[in-house]
Structures are given as structure tokens and as C-alpha cells.
Amino acid sequence: PNPANSEIFIQKPVDLQIKNIKIFDIIGRLVKESPFQEYLNIEFLAPGLHFLIFETETGSIPKRLLKQ
């Protein structure tokens, strides 16, 4: 669920191939980059709004994340 505290589950269509996930803070600094995982630990993030970028073979998908 969004907002989240410590971990998020990333649900995606079966046919969507996500290569990497990038997490940015509110001012656009890259905080973390990792290969795709269904569960992502976010305990290290400061509380507040963050942006997730899911990189696929055909482009990128932006999402917002609110860390409590």
C-alpha cells in the first residue's frame, strides 16, 4: 500500500518486463538503483514523498511513493 513504512510490494502485469528500479528523493537526487524485485525494502528512506522509475525495454514508468 501507499503510503508505506518499511517494504513495498510491486504488482505488475505478467507480460511487463521491468529491468531496473530507481528511487529519487523530492529534489531529484538518485537514492537507490537496483534490479527489479517484487518486494523492495524502503526502511532506509527518509519520510516524505519519493519517486520510483521502473525501467523497461520500451521506456520508463514513473510512480510516486509516500514513506511514513
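Modeller: In what follows a residue is buried under 20% relative accessible area, exposed over 50% and partly exposed in between, for a 1.4 Å probe and protein chains only. This is a predicted model, in which local features need pLDDT of at least 70 and side-chain atom pairs count only at pLDDT 80 or more, while totals for chains, interfaces and linings use all residues. Residues are numbered from 1 along each chain as its sequence is written, and side-chain values use heavy atoms, with hydrogens and water left out.

Colleague: In which strand of the protein chain is confidence highest?

Modeller: The predictor's confidence in each residue is given as pLDDT, from 0 to 100, and its mean over the protein chain is 93, with 97% of the residues at 70 or more. Strands here are DSSP runs of E, at least two residues long and numbered from the N terminus. Confidence is lowest in strand β1 (residues 7-9), at a mean of 91, and highest, at 97, in β2.

Colleague: Which element gives the most residues to the largest nonpolar core?

Modeller: A nonpolar core joins buried Ala, Val, Leu, Ile, Met, Phe, Trp, Tyr and Cys residues through side-chain atoms within 4.5 Å, and the largest one has 12 residues, including Ala4, Ile23, Phe54 and Leu65. Two or more residues of this core come from each of β2 (18-24) and β5 (48-56). With three residues, the element that gives the most is β2.

Colleague: Is isoleucine 23 buried or exposed?

Modeller: Isoleucine 23 lies in strand β2 and, leaving aside neighbours within four places in sequence, is in contact (heavy atoms within 4.5 Å) with ten residues' worth of surroundings that include Leu40, Phe44, Leu45 and Phe51. Its C-alpha is 5.7 Å from that of phenylalanine 51, although the two are 28 residues apart in sequence. Because its relative accessibility is 1%, isoleucine 23 counts as buried.

Colleague: How far apart are the C-alpha atoms of leucine 65 and alanine 4?

Modeller: Leucine 65 is found in strand β6 (residues 59-67) and counts as buried because its relative accessibility is 3%. Alanine 4 touches Leu65 as well as Ile42, Leu66, Lys67 and Gln68, not counting residues up to four places away in sequence. Leucine 65 and alanine 4 are 61 residues apart along the chain, and their C-alpha atoms are separated by 7.8 Å.

Colleague: Which residue forms a salt bridge with glutamate 55?

Modeller: A salt bridge needs a side-chain nitrogen of Lys or Arg within 4 Å of a carboxyl oxygen of Asp or Glu, and the count by this rule is two. For glutamate 55 the closest N and O atoms are 3.1 Å apart, and the partner is lysine 22. The pair links distant parts of the chain, 33 residues apart, with glutamate 55 in strand β5 and, in strand β2, lysine 22.

Colleague: What is the relative accessible area of aspartate 25?

Modeller: Aspartate 25 forms a salt bridge with arginine 29, the closest N and O atoms being 2.6 Å apart. Arginine 29 counts as exposed because its relative accessibility is 52%. Aspartate 25, by contrast, is buried, its relative accessible area being 10%.

Colleague: What is the relative accessibility of isoleucine 27?

Modeller: Isoleucine 27 lies in the loop between β2 and β3 (30-35), and together with Ile26, Leu49 and Leu66 makes a nonpolar surface patch of about 370 Å². Such a patch takes residues with over 30% relative accessible area and no salt bridge, joining nonpolar side chains (Val, Leu, Ile, Met, Phe, Trp, Tyr) within 5 Å and like charges within 9 Å. Isoleucine 27 counts as exposed because its relative accessibility is 63%.

Note on methods. Accessible areas come from the Shrake-Rupley method with a 1.4 Å probe; for residues, only the protein chains shown count as cover.
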